[in-house]
Amino acid sequence: MPQTLLAALPFAIALAWLLPTLWPGRALPRHWRAAEFAAIGGGLLLLAPIFMSQPAPWFSAAWLMQALIQLLGWMVLRYSRRYMQGEPGQARFLRAIGSLLAAVTVVVLANHLMLMAAAWIACSLSLQALLTFYPDRPAAQLAARREWRASRLAELLLFGALLSWSYAGGSLSLSPDAQTPLASDAQGYAAAAGLLLAAAVAIKAAQLPFHGWLTQVMEAPTPVSALLHAGVVNLGGVVLIKAAPILQAAPQANILLMLWGGASALLCCVVMLTRISIKLHLAWSTCAQMGLMLLEIGMGWYSLALLHLLAHSFYKAHAFLCTGEAVRNTTTQHMRGEKAAASLCAYLARGLLAVLLLGVSQWLWQRWISVAALPPLFWLVIGLGMGALLRGWAGWITAIILTQFYLFLHILAAQILPLHGPTPPEWAQSLLAGMFLFVFLLQGWLLRHPQGALARRIYPRAFAGFYLDEWWCMLGRRLQGPAIPLLLKWPQLQESRRD
């Protein structure tokens, strides 16, 4: 297949998603079938390079992410067809879904940073139509306005990053042949580009304190939540991996990603302990998972971030589409009675044993395959998370199987994406390790003493998200005025016109 046809393939897949949005008439069954066929047709287009004997680079991170988008899009559409039955506005829903998936496709497969940035803006605009699918719900309108403001701020930072990168002499093309060494006097512009890019992605990934809109989008239909948490929020990781040359030239940006992402993940884990609503629990979980993804990219482990993005997409799509079953399972667990929380020493011992299990397993794998290496910080993070499994022989067997499966998947991800970023400083890794261990012990204490004095002090603040969202909202109100660009106020202007 000629290179020109390969370059046009992303646009062909995006066009497949757009065709159902232009479906004429009011034949809804045909409209739904056309949308499902768009997902299948895009998947078939992805197979074209295989049958044309194209080289292996097509089986890359972008190829995997696009295959995931086609699969998730098909699953969400199949679910939505039953979920939206009898609902007015189904054609409008399909148009917005098709436009969103077309824009996501261009973000993932774009070969130029400006095109990727423009498609990212289109994602937010399409998402607005889905978040306000029920326009008479005030909570939906509030969430849409907050997402609009956060996205416009992030996009301003993103374009500032691209402008600084251009001044530094960097190429906006994502082709490996287009990358050239930066001039010795351009390090300041490169650092600015990296910091602005990191901040833009952190805001788009709903990191604290810009998380409010993500935890308030539950007024949208359930398929929208599934698609948002499984695919749209993940785009920040895709953008960072594609823009790796900018991060590799700016060590300060990697430290910012590590500290911002790690702190957001830890705080969100504490907030999750206070949430009863399953959807809100999943929303805070997404914030925490995106924080871990930023931490992985900041440490230079792009293959871990890729594996994380793929696993998180499948998990969140399944979790949101099965929320009804989750309610029944939770009710059953409460009827059977929950197990008493272990003592703090036993809780810590299980976590450290899981860390040791992961370290020994990695050492054994690494004797044969060198790419199986993981940084010690991730021994701690992943191991502490698996500590809860170590209850009885069944738990030990499950933990061993999951550990080996995780390392095996990491080896595959490292083969697909061998790119590695700069090594972060030791002080940043030590600081994050101490923070994760502290929050792990805090969770164990709160689970053991849910009515204790410490719990009574922390729970109200954690339930309120430590008031970080309120501080950001108050700051936004103070800045409301001529200093805020008109673009950030566009939703309010549209509402005033309708009134």
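What follows is an exchange about how certain labels in this predicted model are justified.

Reader: Why is Ala206 called buried?

Author: Ala206 has a relative accessible area of 0%, and buried means under 20% relative accessible area, so Ala206 counts as buried. Ala206 lies in the loop between H8 and H9.

Reader: What makes the phi of Ala206 worth pointing out?

Author: Most residues other than glycine have a negative phi. Ala206 is not a glycine, and yet its phi is positive, at about 60°.

Reader: Which other residue has a positive phi without being a glycine, and where does that residue lie?

Author: Tyr467 has a phi near 60°, and it lies in the loop between H20 and helix H21 (468–479).

Reader: Why does Tyr467 count as partly exposed?

Author: The relative accessibility of Tyr467 is 39%, and partly exposed covers what falls between under 20%, which is buried, and over 50%, which is exposed; Tyr467 therefore belongs in the partly exposed class.

Reader: What makes the peptide bond from Leu208 to Pro209 stand out?

Author: Most peptide bonds are trans. The bond from Leu208 to Pro209 is cis, with omega near 0°, and Pro209 lies in the loop between helix H8 (187–204) and helix H9 (222–232).

Reader: How do you know that H5 is largely enclosed by the rest of the structure?

Author: Of the 20 residues of H5, 16 are buried, so this helix is largely enclosed. Helix H5 spans residues 90–109 and reaches 29 Å from its first C-alpha to its last, which is close to the 28 Å expected at 1.5 Å a residue.

Reader: How does the reach of H19 from its first C-alpha to its last compare with what is expected?

Author: Helix H19 (residues 426–448) has 23 residues and reaches 33 Å, close to the expected 33 Å. Its buried residues, among them Leu432, Phe436 and Phe440, pack against several helices, including helix H12 (251–272), helix H16 (344–366) and helix H20 (453–463).

Reader: What makes up the nonpolar patch on the surface?

Author: Phe37, Ile40, Leu44, Leu47, Leu71, Trp74 and Phe314 form the patch, with about 640 Å² of accessible area together. Helix H2 (28–46) and helix H4 (61–83) are the elements that give two or more residues to the patch, and H2 gives the most, with 3 residues.

Reader: Why can Trp74 be called partly exposed?

Author: Trp74, whose place is in helix H4, has a relative accessible area of 32%; since that value is neither under 20% nor over 50%, Trp74 is partly exposed.

Key
Residues numbered from 1 in each chain as written. Predicted model: local features only at pLDDT ≥ 70, side-chain atom pairs only at ≥ 80, totals over all residues. Heavy atoms only, no water. Helix = DSSP H or I, 4+ residues; strand = E, 2+ residues; numbered from the N terminus. Expected span 1.5 Å × (residues − 1). Buried < 20%, exposed > 50% of the residue type's maximum accessible area, 1.4 Å probe, protein only. Contact = heavy atoms within 4.5 Å. Patch = residues over 30% accessible without salt bridge, like charges linked within 9 Å, V, L, I, M, F, W, Y side chains within 5 Å. Areas by Shrake-Rupley, 256 points an atom, 1.4 Å probe, with all protein chains shown as cover. Salt bridge = Lys/Arg side-chain N within 4 Å of Asp/Glu carboxyl O.
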